[in-house]
Amino acid sequence: MLVDYHVHTLGHGEYGNSLEEVYPFFREASKQGLAQIGIADHTQLAPSRAVSALRQANSYFPEVELRLGFELDFSRDTEEQLNFAMAMPGIDYFIGSIHYIGDWLFNNAALRDEFKRRDIDTVYEQYYSQVNSACMTGLFDIVGHCDLIKLFDPGLPQKGIMYYADPVLKAIKDANLCVEINTSGLQRPISEMYPSEEILRRCYEYEIPITFGSDAHVAADVGRDISLARQSAKRVGYRQIATFAKRRRIMVVF
Ligand SMILES: [Zn+2]
Ligand SMILES: [Zn+2]
């Protein structure tokens, strides 16, 4: 069973949620053979969500189950934005992600030179310390792209990646959170999924549940490389993935 729990129908705010705009996302989900599509727009865009249009588009493809979520960035979202999204009815899950170090949107290609100006160990330390703090908030269910900091292939920290990542994986386990295998990293200079297979192996050792997401910001990317995510998960030993309904985790064989 394949699912895609990380789909942005509103892009970064450049689209709306009219039936015409969301229909292609469901058509692609059906074409890719997905059992579930999880809509996880950025919380800042929550006021633009039109659940009725999503449900209507879904009705043309009843073989795909719709799940409703949001991707939050607790270090950037305002309390009002978070409260607004959290109060919306019928939410199945929240993804918690880190995209900023201070004011630096580090995953913005226009700002990638900043990696050259900074000490990479410090960058790793700052990134993982924020992921760690996010895990303590209890606000979300799935940790989004948990090693996103590698996306522009900035080189390895001297202390090694696991020096920074491992304590956070323990925090993820302690907080009973799920980690997504996010395939969008394959399109970035690092050309790897998030997380790397090394981190994924550690997740498996810690018995951290996983799910799958494409991080599609356009309909054509829905379900992209999810079959590769499944292969990677199987290689390290996983036999089940987490799905979500009204913030309850349901494990299924994939
Ligand atoms: Zn993200
Ligand atoms: Zn995303």
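Which elements do the buried residues of α7 pack against? They pack against α6, β8 (178-182), β9 (210-213) and α8 (226-236). The model described here is predicted.

**Helix α7 and its flanks**

Helix α7 covers residues 197-205, and its buried residues are Ile199, Leu200 and Cys203. These residues lie on the same side of α7, because the arc they cover around the axis is only 100 degrees. Pro195 has its place in the loop between β8 and α7. The peptide bond that joins Tyr194 to Pro195 is cis, with omega at about -5 degrees. On the other flank, α7 is followed by Glu207, which has a positive phi, near 60 degrees.

**The pair α5 and α6**

Helix α6 (residues 161-174) also packs with helix α5 (residues 120-136); their axes are 9 Å apart and form an angle of about 5 degrees. Angles under 35 degrees count as roughly parallel, and α5 and α6 are therefore roughly parallel to each other. From α5, the contact involves Tyr124, Glu125, Tyr128, Val131, Asn132 and Cys135. Their counterparts in α6 are Tyr164, Ala165, Val168, Ala171 and Ile172. By class, the residues of this contact are nine nonpolar, one polar and one charged.

**The nonpolar core**

Two residues of that contact, Val131 in α5 and Ile172 in α6, appear again in the largest nonpolar core. This core has 67 residues, and those touching the most other members are Ile37, Val131, Ile142, Val143, Ile172, Val179 and Ile210. Helix α5 gives the most to the core, with six residues. Ile172 touches Cys135, Val143, Leu177, Val179 and Ile208, when residues up to four places away in sequence are not counted.

**Two positive phi values in loops**

His145 and Lys246 are residues other than glycine with a positive phi. The table sets out their values.

| Residue | Phi | Loop | C-beta neighbours within 10 Å |
|---|---|---|---|
| His145 | near 25 degrees | between β7 (142-143) and α6 | 28 |
| Lys246 | near 50 degrees | between β10 (240-245) and β11 (248-253) | 11 |

Is His145 buried or exposed? A residue is buried if 20 or more other C-beta atoms lie within 10 Å of its own, and exposed if 12 or fewer do. His145 has 28 such neighbours and so counts as buried. Lys246, with 11 other C-beta atoms within 10 Å, is exposed.

**Asp92 and Phe106**

Lys246 is also one of the contacts of Asp92. Asp92 lies in the loop between α3 (79-86) and β4 (93-96). With 22 other C-beta atoms within 10 Å, Asp92 is buried. Apart from neighbours within four places in sequence, Asp92 is in contact with Arg67, Leu68, Gly69, Phe244, Ala245, Lys246 and Arg247. Asp92 and Arg67 are 25 residues apart along the chain, and their C-alpha atoms are separated by 6.1 Å.

Phe106 is placed in the loop between β6 (104-105) and α4 (114-117). Phe106 counts as buried, with 22 C-beta neighbours inside 10 Å. Which residues does Phe106 touch, not counting residues up to four places away in sequence? They are Tyr100, Ile101, Leu111, Glu114 and Ile149. From Phe106 to His217 the distance is 18 Å, C-alpha to C-alpha, and the two are 111 residues apart in sequence.

Technical notes. Residues numbered from 1 in each chain as written. Chains lettered and ligands numbered in written order. Predicted model: local features only at pLDDT ≥ 70, side-chain atom pairs only at ≥ 80, totals over all residues. Axes fitted to C-alpha atoms, helices over the stretch in contact; angles between N-to-C directions. Helix = DSSP H or I, 4+ residues; strand = E, 2+ residues; numbered from the N terminus. Parallel < 35°, antiparallel > 145°, perpendicular 65-115°, else oblique. Contact = placed C-beta atoms within 7 Å. Nonpolar A, V, L, I, M, F, W, Y, C, P; charged D, E, K, R; others polar. Core = buried A, V, L, I, M, F, W, Y, C linked by C-beta atoms within 7 Å. Arc of directions from axis to C-beta.
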